[in-house]
Amino acid sequence: MAQFIALLRRNHDEFTESQFTPELMEAEAERARRLYTDGVYRQIWSRGDVPGAAIVVEAPSADAARDALDTLPLKQNGMLVLDVLVPLNPYRGFAPRG
């Protein structure tokens, strides 16, 4: 399994804030909870710069990570944009020395 950081943002170029209804946002949160419970999401934060999320995704490949993100209701409706998906490698500085 590999890990990735996904940065997503709301698509305010095509959708107004009022279109992000409480019902849609609850469906989005429910899907995120399911992905977390299933071990696909390892960590998730709300972005501090723009409305959206930063997510650590665990998947066998970048394509599988994208596929998981594509199951989000906002993403399916074109209301969420994946800005970047960054593959993560282990940090070599944590290995014991000596």
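## Close-up views of a predicted model

**View 1. Glycine 52 and the residues around it.** Leaving aside anything up to four places away in sequence, glycine 52 touches Leu8, Arg9, Arg10, Trp45, Ser46 and Arg47. Keep in mind that this is a predicted model. Glycine 52 itself is found in strand S3. For a sense of how the chain comes back on itself here, look at leucine 7: 45 residues separate it from glycine 52 along the chain, yet their C-alpha atoms are 7.6 Å apart.

**View 2. The S2–S3 hairpin.** Here we zoom in on strand S2 (residues 41-46) and strand S3 (residues 52-59), which pair in the antiparallel sense over five bridges. Five residues make up the hairpin that takes the chain from S2 to S3. Which residue in S3 is the bridge partner of tyrosine 41? That would be valine 57. Glutamine 43 has a bridge partner in S3 too, namely valine 56.

**View 3. The sheet, strand by strand.** Pull back a bit and you get an open sheet of four strands, in the order S2-S3-S1-S4, with antiparallel pairing. Why is one side of S2 and of S4 left without a neighbour in the sheet? Both S2 and strand S4 (80-88) stand at the edges and have a single partner strand each, so one side of each has no neighbour there. On average, neighbouring strands of this sheet are turned by 15° against each other, if you ignore direction.

**View 4. Helices lying across the strands.** Helix H1 (residues 22-37) lies across strand S1 (2-10), S2 and S4, and runs at about 150° to S2. Helix H2 (residues 62-69) lies across S1, S2, S3 and S4. The angle quoted for H2 is taken to S4, and it comes out at about 150°.

**View 5. The whole chain, for orientation.** Three helices and four strands make up the secondary structure, and from the N terminus on they run β-α-β-β-α-α-β. Along the principal axes, the C-alpha atoms fill a box of roughly 60 × 25 × 20 Å. Of the 98 residues in the chain, 32% are buried. Among contacts with a separation of 6 or more, 67% come from residues 24 or more positions apart. On the outside, the chain exposes about 6,400 Å², with carbon and sulfur atoms supplying 53% of it. As for charge, there are 11 positive and 14 negative side chains, and the centres of the two sets lie 9 Å apart.

Technical notes. Residues numbered from 1 in each chain as written. Predicted model: local features only at pLDDT ≥ 70, side-chain atom pairs only at ≥ 80, totals over all residues. Heavy atoms only, no water. Pairing = 2+ DSSP bridges. Helix = DSSP H or I, 4+ residues; strand = E, 2+ residues; numbered from the N terminus. Buried < 20%, exposed > 50% of the residue type's maximum accessible area, 1.4 Å probe, protein only. Contact = heavy atoms within 4.5 Å. Areas by Shrake-Rupley, 256 points an atom, 1.4 Å probe, with all protein chains shown as cover. Lys, Arg positive; Asp, Glu negative; His and termini not counted. Charge placed at Lys NZ, Arg CZ, Asp CG, Glu CD. Axes fitted to C-alpha atoms, helices over the stretch in contact; angles between N-to-C directions.
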